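Trainee: Please choose one part of this model for a close look, and take me through it residue by residue. After that, I would like to see how the rest of the chain is laid out.

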Amino acid sequence: MNYSEVASKYAQLEGISGRNEMTKVLAELLKAAPKAELAQLVYLTQGKLRPDYEGVELGLAEKLALRALASASGLSQEKVYATYVKHGDLGTAAEDLLSNRNQGTLFSEGLTLRRVYETLLRIAKQSGSGSVDAKLKELVSLLNDGSPLEAKFIMRTVTGQLRLGVADYTVLDAAATAFLGGKEARGDAERAYNVHPDLGHVVETAASKGPKGIGEIAVQVGVPIRPMLAERLSSAADIVRKMGDKPVTAEYKLDGERLQIHRVGDDVRLFSRRLEVITSHYPDAGDLVRKHVSAKRAILEAEVVAINEDTGEYLPFQELMHRRRKHGIEQAIADYPVALNFFDMLLAGQSDLTGKPYTVRRKRLEQAVEQTDRTRLVPAKTTSAPADIEGFMEEAIANGCEGLVVKDPASTYRAGAREFAWIKLKREYRSELTDTIDLVIIGGFHGRGRRAGNYGTYLLGTFDGKRSIYTSVAKVGTGFSDEDLRKLPALLKPFESHVKPPGVESEMVPDVWFRPHLVIEIIAAELTLSPIHTAAMGRVRPGAGISLRFPKFTGKLRDDKSPEDATSVEEIVAMYNRQTKKIGP
Ligand code: ATP
């Protein structure tokens with residue numbers, strides 16, 4: 001397939017905001033592609049090269065992309081930079097500059113989808129000495145052989161800024177329309193995607209094997225499953241009522257890191273909540289699983305928590321951060337011991353357990369895990385009495401937990417869903433305080449005094465999934481330790497942007513913008529309406545967004561969450577509505 005065909009469809013998609021129209025155009029694009037190239041097309045359309053869990057990252061530094069553009073256009077770096085600033089977008093700058101390039105390149109070979117894909121893959125995979133020059137050369141060759149419109153999308157893709165606004169679910173809609181007989185089949189494609197979150201694979205299967213093939217996509221050891229998530233309610237009584245006034249099972253909500261553990265024999269692989277491979281963070285977890293889990297082929301879920309070795313007590317989440325290092329892992333394992341706290345089992349031997357009720361999965365878990373100091377089952381209590389649940393929550397908090405996750409005993413494992421089959425209950429929900437929320441850093445303001453030379457305040461955003469953009473929600477300057485103030489700028493450096501990044505909506509203009517990447521945890525006194533912040537603009541009151549009163553950094557970096565996983569606009573609206581119900585308008 002020619003890349004020009006892809007680029008012109010991208011240009012069309014860019015101008016569409018309605019989901020139905022977008023699905024239609026996307027379905028045409030999918031149908032036009034040869035089956036063997038479909039997966040590549042799907043990854044590229046999402047600005048990716050492989051499914052997220054394989055960790056192949058696009059994201060060439062802005063500086064390097066500008067150098068490539070200077071080379072391809074034959075113009076000075078200054079001129080290229082000025083054009084970039086004028087347009088505020090690398091893609092448009094490339095299109096503009098390359099439209100004026102001299103005739104010679106008109107006789108170029110033309111680009112195929114396959115060549116673009118394979119070149120970008122090589123760029124993403126190159127590292128080490130000499131890699132900068134090699135990447136530059138690869139990119140320049142694409143820009144030389146492509147039309148201005150193709151260059152526009154290549155530049156955006158290679159820097160990780162292709163934002164066509166095509167959500168995963170829109171791709172599934174389009175695949176259902178193109179290959180499964182209509183949009184009604186979306187549910188089947190979605191189920192397949194939730195248990196096997198490789199969109200390229202799902203679309204390719206739909207095209208080559210139809211509905212039957214989609215139905216056969218199953219849980220597979222080695223491929224992470226999208227995690228089941230929990231809703232929130234503010235009292236035990238509400239939870240019992242919501243679950244139908246029958247016995248429910250409350251579990252401790254431990255404050256650690258979620259692990260999805262995949263095991264075949266001695267091979268143990270760990271995935272994070274955002275489905276990244278994190279096996280190397282916890283080599284000791286692998287040993288614990290090999291020693292104390294009887295099932296040789298299994299997918300399990302556990303919360304890994306740092307513990308005090310002498311007393312067995314749980315320690316705060318921050319302790320776990322000492323395990324995030326490349327060197328000295330052995331020492332860190334000894335200094336910061338952890339326990340695995342199992343709470344679910346999704347596969348045992350050849351049986352997929354995701355369709356079984358919670359009670360069955362918990363029983364299988366009990367049979368599979370030998371309980372030791374380091375391998376535990378999350379404490380659970382089954383009851384229909386709200387007072388018992390409240391009491392159990394106090395006990396959990398006294399034992400260093402955040403609260404409870406209450407589970408409907410009849411519920412299956414709903415991969416990828418945040419529903420009321422699991423409900424979180426924390427003490428904060430009962431006061432005026434809102435829960436902690438996870439927000440994306442989108443900008444920084446230079447600091448003064450003690451903070452001179454660093455950022456003193458950060459601008460935070462929240463993801464608006466419906467529009468596929470980040471909206472500003474608050475500025476935060478408190479809660480940062482001196483170490484945080486030093487560390488954060490280094491972490492953010494690769495995402496600095498001289499112009500407002502595409503996909504960010506903010507009236508407030510910080511000194512430096514950041515492309516949405518880093519997620520931090522924030523606690524605030526309450527949610528308020530704001531004329532400046534754009535989060536949930538007009539949703540509660542015309543002309544007003546939602547913001548936070550007295551936001552404070554909790555000290556927790558949520559690098560287990562991708563920016564899309566940060567607290568969403570929808571959740572913020574729901575929290576706001578709950579709050580006004582409780583404390584009055
Ligand atoms: P939070 O920000 O409150 O930690 P989250 O957005 O990361 O929540 P949620 O689905 O809202 O994710 O809450 C579930 C999380 O709680 C899980 O991802 C897991 O890490 C953690 N957890 C701790 N104990 C349990 C448990 N017993 N069952 C399920 N999840 C648990």
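Mentor: Happy to! Let's begin with a yardstick: a residue is buried under 20% relative accessible area, exposed over 50%, and partly exposed in between, using a 1.4 Å probe and protein chains only. By that yardstick T83 counts as buried because its relative accessibility is 6%.

Please keep in mind that this is a predicted model, in which local features need pLDDT of at least 70, side-chain atom pairs count only at pLDDT 80 or more, and totals for chains, interfaces and linings use all residues. Residues are numbered from 1 along each chain as its sequence is written, and side-chain values use heavy atoms, with hydrogens and water left out.

The part I would pick is helix 12, residues 199–216. Helices (H or I, at least four residues) and strands (E, at least two) are DSSP runs, numbered from the N terminus. A straight helix of 18 residues would span 26 Å at 1.5 Å a residue, the expected span being 1.5 Å times one less than the number of residues. Between its end C-alpha atoms, however, helix 12 spans only 15 Å. Look at K209, shortly before the proline P211: helix 12 has a kink of about 130 degrees there. That bend is the angle between axes fitted to the seven residues ending at a residue and the seven starting there.

At the N-terminal end, helix 12 is capped by D198, with a side-chain oxygen 3.1 Å from the backbone nitrogen of G200. Several residues of helix 12 are buried, among them G200, V202, V203, A206, A207, G210 and I214. Their cover includes helix 2 (19–32), helix 3 (35–45), helix 10 (168–179) and helix 11 (186–195). Helix 11 has buried residues of its own, namely A189, A192, Y193, N194 and V195, and what covers these includes helix 10 and helix 12.

Now let's step back to the whole chain. Its domain assignment, with bounds from an automatic or database source, gives domain 1 (3–158), domain 2 (229–426) and domain 3 (437–578). The C-alpha centres of domain 1 and domain 2 lie 42 Å apart.

Next come the nonpolar cores, which are sets of buried Ala, Val, Leu, Ile, Met, Phe, Trp, Tyr and Cys residues joined through side-chain atoms within 4.5 Å. The largest holds 115 residues, and Y3, Y10, L143 and L404 have the most contacts inside it. Domain 1 and domain 2 both give residues to this core, so it lies between them. A second, separate core has 31 residues, including V473, I520, F553 and I572.

For single residues I will list contacts (heavy atoms within 4.5 Å). Leaving aside neighbours within four places in sequence, Y3 touches Y10, L111, T112, L113, V116, E150, F153 and I154. T83, which we met at the start, sits in helix 5 (residues 77–87), where its contacts, counted without neighbours within four places, are A93, D96 and L97. T119 belongs to helix 7 (residues 113–125) and is buried, with a relative accessible area of 3%. Its contacts beyond four places in sequence are E138 and L142.

Finally, visit the loop between strand 19 (526–530) and strand 20 (545–549), where A535 is placed. A535 is buried because its relative accessible area is 1%. Its contacts beyond four places in sequence are T462, T471, S472, V473, G545 and I546; V473 also appears in the second core. The C-alpha atoms of A535 and V569, 34 residues apart along the chain, are separated by 6.4 Å.

A536 lies in this loop too, and is buried at a relative accessible area of 5%. Its phi is near 55 degrees, a positive value in a residue other than glycine. Most residues other than glycine have a negative phi. D245 also has a positive phi, near 50 degrees. D245 lies in the loop between helix 13 (236–242) and strand 2 (248–253), and counts as exposed at 58% relative accessibility.

Technical notes: Polar contact = N/O pair within 3.5 Å; in protein donor to acceptor, adjacent residues only side chain to side chain.
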